[in-house]
Amino acid sequence: MVEDSSYMFVTGPDVVKTVTHEEVSAEDLGGAITHTTRSGVADLSFENDVHTLLMTRRLFNFLPLNNRSMPPLRETSDIPGRIEMSLDTLIPDNPNLPYDIKELIHKVVDEGDFLELQPDYAKNIITGFARIEGSTVGIVANQPMVLAGCLDINASIKGARFVRFCDAFNIPIVTFVDVPGFMPGTSQEYGGIILHGAKLLFAYAECTVPKITVITRKAYGGAYDVMSSKHLRGDVNLAWPSAEIAVMGPKGAVEIIFREEAKDPEQLARREAEYREKFANPFVAGRRGFIDDVILPHATRMRVCRSLAMLKDKSLKNPWKKHANIPL
């Protein structure tokens with residue numbers, strides 16, 4: 001949409017005023033800012049027509065001609081085995097401190113070129129297109145800078161629609177996971193987060209394109225499941241050494257399991273350290289087959305490239321059905 005000149009609405013301001021007696025401008029009701037920040041109807045907005053057309057061309061440059069074609073392949077000078085040592089220090093020592101997942105995305109994809117979609121809507125999850133070894137991939141990533149990366153209703157819907165779009169056009173999906181869980185609260189529960197969260201789970205489960213998952217830090221509970229886990233037919237699931245894969249965080253788990261010892265802070269601290277050592281690490285998940293390998297952060301691009309090359313000829317068909325029953 002073009003800012004200050006594009007409008008979309010089912011009923012215009014005059015009708016709204018007549019029926020509901022609300023006075024609202026066309027811009028506030030259905031302008032570019034409204035649809036890119038509040039409703040999620042539009043993906044991107046720009047200042048003028050020329051910029052909008054140029055960005056539309058850039059978007060089409062990532063896409064195949066139709067749903068039976070493979071994504072376009074572009075030449076790149078970026079080598080698959082490029083090492084990014086700066087990624088080794090991306091995760092803060094304090095697990096409660098945020099970091100920008102976009103830094104990881106830009107350092108893994110070809111030449112740092114990433115087209116983010118809906119950047120101002122549901123900012124706690126990032127979606128967009130990039131290239132790896134010259135071929136288009138879809139990127140889905142939790143953003144710890146916003147709401148600690150929790151999944152809420154809008155983020156689930158945004159992620160699910162993007163995953164299904166990629167699956168429809170044969171675009172492999174790379175998922176970067178740092179999610180402490182679903183957003184708690186009455187507004188989320190009353191809004192149907194169980195239903196809407198299931199949309200993301202359904203989208204990944206039904207998706208047949210290559211799926212690469214990299215867990216960078218937290219992967220807790222049901223939110224871990226819906227983010228392209230091995231349980232949803234993830235093809236290659238990797239984890240950094242800093243990954244914590246568990247039902248919930250060590251502190252919350254210990255306070256529930258050892259409720260009787262809650263009055264003794266030292267005892268709780270010991271229990272927390274014990275829980276973290278036994279469960280909150282990627283190696284336990286690796287032994288159980290939920291993780292294919294634990295990798296060093298600086299080797300992320302190399303391993304993602306290798307995995308995509310291995311899955312280049314992946315062929316998977318879902319069982320026949322009249323139509324899927326996605327949780328709408």
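How much area does the protein chain expose, and what share of it do carbon and sulfur atoms supply? The chain exposes about 17100 Å², and carbon and sulfur atoms supply 56% of that; the areas come from the Shrake-Rupley method with a 1.4 Å probe.

Before going on: this is a predicted model, where local features need pLDDT of at least 70, side-chain atom pairs count only at pLDDT 80 or more, and totals for chains, interfaces and linings use all residues. Residues are numbered from 1 along each chain as its sequence is written, and side-chain values use heavy atoms, with hydrogens and water left out.

Now the overall fold. The protein chain has 13 helices and eight strands, taken as DSSP runs (helices H or I, at least four residues; strands E, at least two) and numbered from the N terminus. The C-alpha trace spans about 65 × 55 × 45 Å along its principal axes. Of the 328 residues, 47% are buried, meaning under 20% relative accessible area with a 1.4 Å probe, protein chains only. Among contacts (heavy atoms within 4.5 Å) with a separation of 6 or more, 73% are between residues 24 or more positions apart.

One residue to look at is His298. You will find His298 in the loop between strand 8 (293-294) and helix 13 (300-310). Its relative accessibility is 17%, so His298 counts as buried. Leaving out residues up to four places away in sequence, His298 touches Arg82, Ile83, Glu84, Met85, Leu87 and Asp88. Leu104 is 194 residues from His298 in sequence, yet the two C-alpha atoms are 9.9 Å apart in space.

Conventions
Buried < 20%, exposed > 50% of the residue type's maximum accessible area, 1.4 Å probe, protein only.
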